[in-house]
Amino acid sequence: MDCLFCKIASGEIPSEKLYEDEIAVAFKDINPTAPVHFLVIPKRHIESCAEINAENSSVAGHCFEVIARLAKELKLEKGFRVVSNTGEQAGQSVPHLHFHVLANREFGWPAG
Ligand code: 5GP
Ligand code: ZN
C-alpha cells in the first residue's frame, strides 16, 4: 500500500524517531506547530479514529501508553495536547491513524 506513515513506520522513509516498539512509532512532525510536536502512530495501517473497533482498539490504547511514557521522558509536566484529526473536514491530511502531541506553548480552547 502506498501510505506515507506505513513507510515511516517501516523505516523506508526516514524520520526523527523518539520511540519505537513492535506496535507503535513516535517521530517528530516535519512541520511543527509547537516547540514540542511529535506524532504517535500504530505500525499497522488503520485509516483513522473512525476505523477503531473491538479488534484493533488495543493498538490505539498502546499509542496512548507511548504518549504517557514520552510525556514523562520529555518532562511535559506543565501539560500537553493530544489531537487526532479525523476525516477531511477535520483536516486529516495523512490517512493513517496518528496522534499529534503538542506542548510548551499556550493553547486556546475550543480548538479552531
Ligand atoms: P494531519 O494533517 O493528518 O492531522 O497530520 C499530518 C501531519 O503529518 C502534519 O502535521 C504534517 O506536518 C506531518 N507530516 C506530513 N508528512 C510528513 C513526513 O514526511 N514526515 C514527518 N515527520 N511528518 C510529516
Ligand atoms: Zn498506513
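Are Cys3 and Cys6 buried or exposed? Both of them are buried (under 20% relative accessible area, with a 1.4 Å probe and protein chains only; exposed would be over 50%). This is a predicted model, in which local features need pLDDT of at least 70, side-chain atom pairs count only at pLDDT 80 or more, and totals for chains, interfaces and linings use all residues. Residues are numbered from 1 along each chain as its sequence is written, chains are lettered from A and ligands numbered from 1 in the order in which they are written, and side-chain values use heavy atoms, leaving out hydrogens and water.

**View 1. Four protein donors hold the spotlight around the zinc ion (ligand 2).** Look for Cys3 (SG), Cys6 (SG), His45 (ND1) and His96 (ND1), which lie 2.0 to 2.3 Å from the zinc ion. Donors here are N, O and S atoms within 2.8 Å of the metal (3.2 Å for Na, K and Ca). Along the sequence, these donor residues follow the spacing C-x2-C-x38-H-x50-H.

**View 2. The zinc ion (ligand 2) has a tetrahedral arrangement.** Its four donor atoms subtend angles of 106 to 115°, so the arrangement is tetrahedral (all angles between 85 and 135 degrees). For comparison, the ideal angle for four tetrahedral donors is 109.5 degrees.

**View 3. Ligand 1 is surrounded by 16 residues.** The closest are Asp29, Asn85, Ser93, His98 and His100.

**View 4. Polar atoms meet oxygen atoms of ligand 1.** In the side chain of His98, an N or O atom is 2.8 Å from a ligand 1 oxygen. Gly91 places a backbone N or O atom 3.2 Å from an oxygen atom of ligand 1, and Val94 also has a backbone N or O atom 3.2 Å from a ligand oxygen.

Terms used: Four donors count as tetrahedral if all angles lie between 85 and 135 degrees; four count as square planar and six as octahedral if opposite donors are over 155 degrees apart and all others between 65 and 115; anything else is irregular. A residue is near a molecule or strand if one of its heavy atoms lies within 4 Å of it. A polar contact is a pair of N or O atoms within 3.5 Å; within protein, one must be able to donate a hydrogen and the other to accept it, and residues adjacent in sequence count only if both atoms are side-chain atoms.
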